[in-house]
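Work through the following exercises with the sequence and the model side by side, and try each task before reading its solution.

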Amino acid sequence: MANPTLQQPSFLLANLKADATTKPLLQRCQDLVKIIDEYPAKELHLIFPWLVESVFGSLDGVIAGWNLRLLHSRSNEYNIVMDFLNPSGPMMKLVYKLQAEEYKYEIPINYLPGPVKACIQEGVLPDCPLFHNKLQFPLSGLLTLNIAFNPFEFFMFNFAYCLISPKNYPPGQYGSSTDSAYFVLVDTYLKYFLPTEGSVPPSPFSDSRGSVSAPSPRSSSVSFASYGIHSPSLLKHHIFHQPSVNADPAAQEIWRSETLLQMFVEIWLHHYSLEMYQKLQSPQEPFSPTEEHVLVVRLLVKHVHAFSNSLKPEQLSSSPSAHSHTHTSPLEEFKRVVVQRFVQQKLYLFLQHCFGHWPLDASFRAVLETWLSYIQPWRYTGEKPNPQPDQNRTVPEKWESFVHENLLMYTKLFQVFLNRAVRTDLVNAKNALMVFRVAKVFAQPNLAEMTQKGEQLFLEPEHVLHHRQPRGYLTPGQGGSYLSSRQRVVTDMVFKVKSHVYGLEGQDCQYKQMFGTELRGAVMKLIQIIAQARQTAKRISDHSSEVAANKSFLSWFGLGASDLNHSFPGAEPEETGEYLKKTHEFLDRALENLCQIFKLNQGQLNQLISNLGSLEDDGNSKQLPDCVQSENGLILTDLGRRQIINGLRRFDIHYQGDPELQPIRSYENALLVRLFYRISSLINERFGRHMNALCSRPDFLGRLGRHYLTNLDSSTKLKHSPMSRHVLERSQRPKLSLRPLASYRTILLLLLFYVFGALLSLGPISSTVLLLAGGFLYGLLMTLFADKLKTH
């Protein structure tokens with residue numbers, strides 16, 4: 001091609017921007033493939049930021065990009081996008097081509113996670129090496145600070161940020177599907193850069209220098225532990241100049257893997273920290289993840305476990321002192337520490353925030369399964385699944401150290417979940433399933449014992465740590481003793497557990513035991529609520545069965561059950577009999593598992609449930625929730641809210657609007673309902689004052705008028721339903737209602753009456769007069785004997 005001029009790159013960028021609005025995606029991608037192959041890095045450097053933004057969208061969400069979170073496999077553009085963004089595809093080839101030339105691309109620190117941004121603004125070095133030595137000072141002063149990333153880091157930052165950037169989706173479209181292009185790409189990148197078998201494939205691009213340069217090579221003598229030691233001031237450092245990877249060939253093997261994992265963890269998880277979260281909470285709203293965000297985090301957790309568990313057995317069993325030997329590859333060393341050093345702390349704070357702030361509904365299932373995936377690493381070993389049920393699988397002893405080094409993930413989060421569970425409607429099958437899932441996981445043989453042992457290690461007296469022997473102790477064959485070796489293992493575990501707890505909760509934390517007396521009482525409270533929810537579900541299920549059994553062909557005419565207030569078409573599927581049966585099953589199994597975890601006496605449990613059953617008789621279940629009377633009606637107390645949530649008591653809810661405006665029922669004729677409403681509205685509007693005057697009279701005529709023109713039951717609804725007084729007064733105004741005449745039952749009865757009159761040689765007019773006379777006589781008798789009927 002011709003020698004490029006200085007104007008040619010801008011000309012190329014202008015052409016690409018113009019093509020973005022005129023050419024289809026397939027043709028644009030084909031053009032980009034040719035450009036990436038033919039143009040030198042100097043010219044591709046200027047189009048790279050625009051290309052990344054056009055693919056992933058802008059960081060502020062204004063530019064949508066290719067909408068990867070909405071793109072599904074059924075779309076025609078799906079395969080085009082996946083081929084272009086594949087780890088071995090054209091886009092990554094462009095990244096490596098620019099990486100070899102050591103170009104930098106800036107990101108404003110405003111888009112960094114909150115704690116990282118706060119550290120930079122305060123002049124403190126962030127704990128993640130990804131942000132070290134990359135602060136870019138603007139020429140105009142310290143007004144807008146930027147972070148300078150290399151091409152691979154810049155690409156991965158924008159890809160990760162695409163998940164959390166604000167998006168204005170079209171109505172009815174949400175990016176929550178696990179088959180979206182974004183979700184599949186995350187899975188593809190994880191499998192490629194964090195391989196469970198073999199090593200990371202080499203870069204598909206190599207230039208005259210022979211290799212792609214790594215961003216920050218680590219000396220082979222420096223271990224991962226040194227990540228925790230940083231300079232106290234960030235502002236003293238300048239942008240890091242990348243040396244060639246030839247200085248450290250070992251770093252080339254895993255630097256992309258480290259960068260990808262750190263970028264995902266920082267952008268997706270690092271929004272809360274022990275040091276900065278309290279400061280960040282006051283000036284701005286805390287970050288709130290979406291369900292889609294949590295599903296992607298779960299995918300990350302599952303793959304990190306699979307990556308870590310792919311460590312070779314001989315490397316897993318080697319002593320820590322052997323880490324620095326040459327036979328341990330950097331990738332194997334990375335697998336050994338990836339969970340504890342890179343994921344644990346930030347995931348713990350992320351889950352703790354979600355447990356405390358997520359709505360009390362079924363969408364919490366995504367958060368729950370992410371937690372359960374993390375605390376069950378033995379599910380992601382790559383081994384063939386055991387045919388026996390999950391609950392009967394014994395947790396292997398080799399996972400005891402993982403449980404101890406992640407103790408808070410088991411104990412603290414279980415306690416937080418317990419607080420959620422007692423405030424959740426467990427009659428709902430989806431909520432009952434979540435309680436069952438947690439109880440089932442913790443009931444796995446050996447897991448409760450391992451957790452309890454971890455708590456015992458944490459509660460060891462502090463003097464144990466002061467008598468720790470040096471790390472290089474003698475083996476029995478070298479003159480040491482087996483007892484000293486065993487003491488060393490116990491001491492090391494005590495140190496690890498204490499370091500874990502204090503590292504996540506702070507030195508002044510007040511640890512609450514999962515198997516202590518206080519939590520045992522909370523578990524018994526949950527068991528009571530579960531038992532109450534079981535009874536409520538059973539009662540509702542039995543009632544639903546009775547209603548279904550009573551239905552018949554005559555119900556089509558309104559002769560069967562026709563409760564306007566309970567047979568509405570918008571009933572939730574969770575309230576049906578089938579779902580309630582599932583609720584009962586889930587709660588039964590949850591009770592069994594909780595008894596197994598906390599070694600509760602089955603006899604005492606049965607006695608507790610039977611006592612609860614004797615208290616919750618039919619009379620008590622029909623009582624109103626605890627509430628107080630006010631000028632605007634009944635107001636629930638905190639006790640009343642809890643009674644409603646747990647299904648112990650409920651209001652007998654009635655329709656509180658205008659009875660004439662209720663939705664048209666299946667047993668009513670829609671045309672007649674609308675016609676009679678217009679007629680009655682005209683009559684009520686014209687003669688409303690006369691009706692009020694008639695019904696206000698204290699004599700017999702007033703009582704007769706009230707019989708025909710008012711709803712006699714409305715005066716008692718205030719006691720059974722939280723209806724405000726002004727609504728009640730409006731519903732008690734005298735008015736004529738012709739809507740009952742639109743019922744198919746009424747039409748059928750009138751038809752039968754006129755047919756019977758015809759058989760008796762009565763004409764339509766005579767039958768109508770007879771019908772009106774009978775109705776008047778019935779009202780007259782009801783008015784005369786109303787007082788006697790009330791006493792009876």
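**Exercise 1.** Check whether the length of helix H30 in this predicted model agrees with its number of residues.

*Solution.* Helix H30 covers residues 744–759, which gives 16 residues to work with. The expected span is 1.5 Å times one less than the number of residues, so H30 should span 22 Å. The C-alpha atoms at its ends are 22 Å apart, and the two values therefore agree. Beyond the helix, serine 761 follows with a positive phi near 65°.

**Exercise 2.** Determine which helix gives the most to the nonpolar surface patch, and place Leu770.

*Solution.* The patch, of about 700 Å², is made by Leu751, Val755, Phe756, Leu759, Leu760, Leu762 and Leu770. Helix H30 gives the most, with four residues. Leucine 770 lies instead in helix H31, residues 764–784. Its relative accessible area is 49%, and because exposed means over 50%, leucine 770 counts as partly exposed.

**Exercise 3.** For the salt bridge between arginine 534 and aspartate 588, decide whether each partner is buried or partly exposed.

*Solution.* The two side chains meet at 2.5 Å, N to O. The pair links distant parts of the chain, with arginine 534 in helix H21 (residues 517–550) and aspartate 588 in helix H22 (residues 577–598), 54 residues apart. Since buried means under 20% relative accessible area, arginine 534, at 16%, is buried, whereas aspartate 588, at 25%, is partly exposed.

Key. Residues numbered from 1 in each chain as written. Predicted model: local features only at pLDDT ≥ 70, side-chain atom pairs only at ≥ 80, totals over all residues. Heavy atoms only, no water. Patch = residues over 30% accessible without salt bridge, like charges linked within 9 Å, V, L, I, M, F, W, Y side chains within 5 Å. Areas by Shrake-Rupley, 256 points an atom, 1.4 Å probe, with all protein chains shown as cover. Salt bridge = Lys/Arg side-chain N within 4 Å of Asp/Glu carboxyl O. Helix = DSSP H or I, 4+ residues; strand = E, 2+ residues; numbered from the N terminus. Buried < 20%, exposed > 50% of the residue type's maximum accessible area, 1.4 Å probe, protein only.
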